[in-house]
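User: I've got a model open and would like to talk through its packing and its sheet. Can you take my questions as they come?

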Amino acid sequence: MAGHVEWVLLAYRVPREPSTPRITVWRKLKRLGVAQVVDGLVALPLDARTKEHLEWLGDEILEAGGEATVWTARLGSVRQERDLATRMAAAVAAEYQAVIDAAAEAATAPTAVRRRTLARLRRELRRIGQRDYFPPPERETARAAVDALALAVEVVT
C-alpha cells in the first residue's frame, strides 16, 4: 500500500429502540466490509461506490431517527493506514479461508452435493469480492480451490 489512501467515514448513532433499524444498519455495514474505527465510526477506502453506499446508509439512519454524518479524510500516518488495511484484509482472508475449506470438503462429496456447493461458493466469492478492498493471498487460493471443484464437477458429468 503506497502513499495515502483517501477514506470515506460514517459517524453514526442509531436509537437503541426499536432494535430492527440498528440490526439492519449493522448487517449492511458488515456486507460492505467496513472497518470499525471506534464505536459509531466506520471507514471504507474512498471511491464513488463506497461513498454512495455510506451516504445511503446515513440517510437510512436519519430516517430511523438516528444521527449520521459522512466524511472523507486521510489518516494521520502511513502506519495507521496500513493497520486499518491489514485489519480489513484479515477479515476477508478469514472468509476466503472458509471458501477454501468448503471446496476441499466438497471435493469428496457426491456429485449433486459438489454441484450445489460449487454454485454456493461461486456466489460467496462474488460477495466477498465486493468488500475485498485490500486483497489477501487467500483470494487467489480460494479462486483456485473453486476452479478445482468446478473441474471435479465437470469431469463427473
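Analyst: Let's fix a term before you start: buried means under 20% relative accessible area, exposed over 50%, and partly exposed in between (1.4 Å probe, protein chains only). Keep in mind that this is a predicted model, where local features need pLDDT of at least 70, side-chain atom pairs count only at pLDDT 80 or more, and totals for chains, interfaces and linings use all residues. Residues are numbered from 1 along each chain as its sequence is written, and side-chain values use heavy atoms, with hydrogens and water left out.

User: Are W7 and F134 buried or exposed?

Analyst: These two residues make up the one aromatic pair in the structure. Ring centres of Phe, Tyr and Trp (its six-membered ring) must lie within 6.5 Å to pair; planes under 30 degrees apart are stacked, over 60 edge-to-face, and the rest tilted. Here the centres sit 6.0 Å apart with 35° between the planes, hence tilted. As for accessibility, both W7 and F134 are buried.

User: How many residues apart in sequence are the parts that this pair ties together?

Analyst: Helices (H or I, at least four residues) and strands (E, at least two) are DSSP runs, numbered from the N terminus. W7 is in strand β1 (residues 6–13), while F134 is in the loop between α4 (111–129) and α5 (138–156), so the parts tied together are apart by 127 residues.

User: In what order do the four strands of the open sheet come?

Analyst: Two strands pair if DSSP finds at least two bridges between them. The pairing is antiparallel, and the order is β2-β3-β1-β4.
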